[in-house]
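Work through the exercises below with the coordinates open. Each task is followed by a solution in steps.

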Amino acid sequence: MANFIFYCNGTMKTGFGHLSRCLNVARATFALQPFSNIVFFGDFDQFSTQRINNFGFTVAGSDFTFEPDMTVLADSYQFTFEQLFELKKIGLKLCIIDDFDQYNYTFIDLIVNFRFNAEAFCRSTNKHRLGVRYFSFAQELLSLRRSRSQGHFQNSINTILVFIGGNDRFDVATHVVNALDKLVVGKKIILLDQKAPSISLKNNTYQALEFVDDMSAVYKQADLIINGGGLTKYEAGFCLIPNCAISQTREQHTDTLELARAHLTFDLGLAEDATIESLTLNIEGFLHTGVLAQRDAMLSSYYLDSTEQFAKEILKVSNECCLLYTSDAADE
């Protein structure tokens, strides 16, 4: 029987951020409890399935069933109250990543929101663990952060990574690349995109990459990251890489603004509003005034053991007696 179930999705349609952070926590959980049986449950394409398997974890088959006393970490924006309550009635120990305070139900055993300054906008209970103290990052990023923290913050920018994410719904990545080509000369621009589009640039070199298992290898090359407003802006900040965010949704934009106020990213607005001209103007402003302002904020805001702390909270839930809830909970 599986000890831990990570319930999420990873496809071109849903994006890969939810899977990535679940994988990070799963790896930390297994490191703390090496004999755990860890299973991923959800909708995964071939790329995601291979990522899961590469870390020695299993994707649930069509015959998989939830059983009492399993510990579940659920991570999706699409769960309903009814779906979660049905899981709890089975007798599961139920944990959830809740970015937007939408799953604040009394029957959930652990609610984690690792957004920056989450304490300010969540209706906190004793079940909550809030803020970047519980940020989920891949362990490969640790060495990159340590090496950058010992050196000088990158004043000269030679390589720029553009990574909008698994679901570039407004096709803004090509706009960003073309804006950069108008703004800078003699740089290397890397676009990380599953479609790996061919783009001809006049003033810079261009490389298209499909998605990779180990993002640290890509981040290592980057002196600047322009991202899609999701998990990448946190990973860039953790790695002490100057970064800008062009948010894909209004919810992401709210989060981006919170980080921007703390100099942990630079806001490029919403992708749906972006033009090559507006992006050129905004990125130019960041390069002139925003890069150095990010260093101190990045150094002081992130924790080297936050993923481990997240995993420890899941293990605490797993080791507690599973409380059974009556149908009265459905009255919430």
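**Two loop residues**

Histidine 263 lies in the loop that links helix 8 (250-261) to strand 13 (266-270). The model is a predicted one.

**Exercise 1.** Determine the sign of phi at histidine 263, and decide whether the residue is buried, partly exposed or exposed.

*Solution.*
1. The phi angle of histidine 263 is positive, about 60 degrees, although the residue is not a glycine.
2. The relative accessibility of histidine 263 is 41%.
3. Buried requires under 20% and exposed requires over 50%. Histidine 263 therefore counts as partly exposed, given its 41%.

**Exercise 2.** Locate leucine 240, then repeat the analysis of phi and accessibility for it.

*Solution.*
1. Leucine 240 sits in the loop between helix 7 (231-238) and strand 12 (243-247).
2. Leucine 240 is not a glycine, yet its phi is positive at about 65 degrees.
3. Leucine 240 has a relative accessibility of 2%, so it counts as buried.

**Strands and crossovers**

**Exercise 3.** Describe how strand 1 (residues 4-7) pairs with strand 2 (residues 38-41), and give the handedness of the connection between them.

*Solution.*
1. Strands 1 and 2 run parallel and are joined by 4 bridges.
2. Within this pairing, isoleucine 5 stands opposite valine 39 of strand 2.
3. From strand 1 the chain passes through helix 1 (residues 17-32) to reach strand 2, a β-α-β crossover that is right-handed.

**Exercise 4.** Do the same for strand 2 and strand 3 (residues 58-59).

*Solution.*
1. The pairing of strand 2 with strand 3 is parallel and has 2 bridges.
2. Opposite phenylalanine 40 stands valine 59 of strand 3.
3. Helix 2 (residues 46-54) carries the chain from strand 2 to strand 3, and this β-α-β crossover is right-handed.

**The whole chain**

**Exercise 5.** Test the 332-residue protein against the expectation for a compact globule, and list its overall descriptors.

*Solution.*
1. The expected radius of gyration for a compact globule of 332 residues is near 20 Å; the protein has 20 Å, so the two agree.
2. Along the principal axes, the C-alpha atoms fill a box of roughly 65 × 40 × 40 Å.
3. The secondary structure consists of 11 helices and 13 strands.
4. Of the 332 residues, 54% are buried.
5. Taking contacts between residues at least 6 apart in sequence, 60% join residues at least 24 apart.
6. The exposed area is about 14,500 Å², of which carbon and sulfur atoms supply 49%.

Technical notes:
Residues are numbered from 1 along each chain as its sequence is written. This is a predicted model: local features need pLDDT of at least 70, side-chain atom pairs count only at pLDDT 80 or more; totals for chains, interfaces and linings use all residues. Side-chain values use heavy atoms; hydrogens and water are left out. Two strands pair if DSSP finds at least two bridges between them. A crossover is right-handed if, with the strands pointing away from the viewer, the path from the first strand over the helix to the second runs clockwise. Buried means under 20% relative accessible area, exposed over 50%, partly exposed in between (1.4 Å probe, protein chains only). The radius of gyration is taken over C-alpha atoms; the globule rule is 2.2 Å times the number of residues to the power 0.38. Contact means heavy atoms within 4.5 Å. Accessible areas come from the Shrake-Rupley method with a 1.4 Å probe; for residues, only the protein chains shown count as cover.
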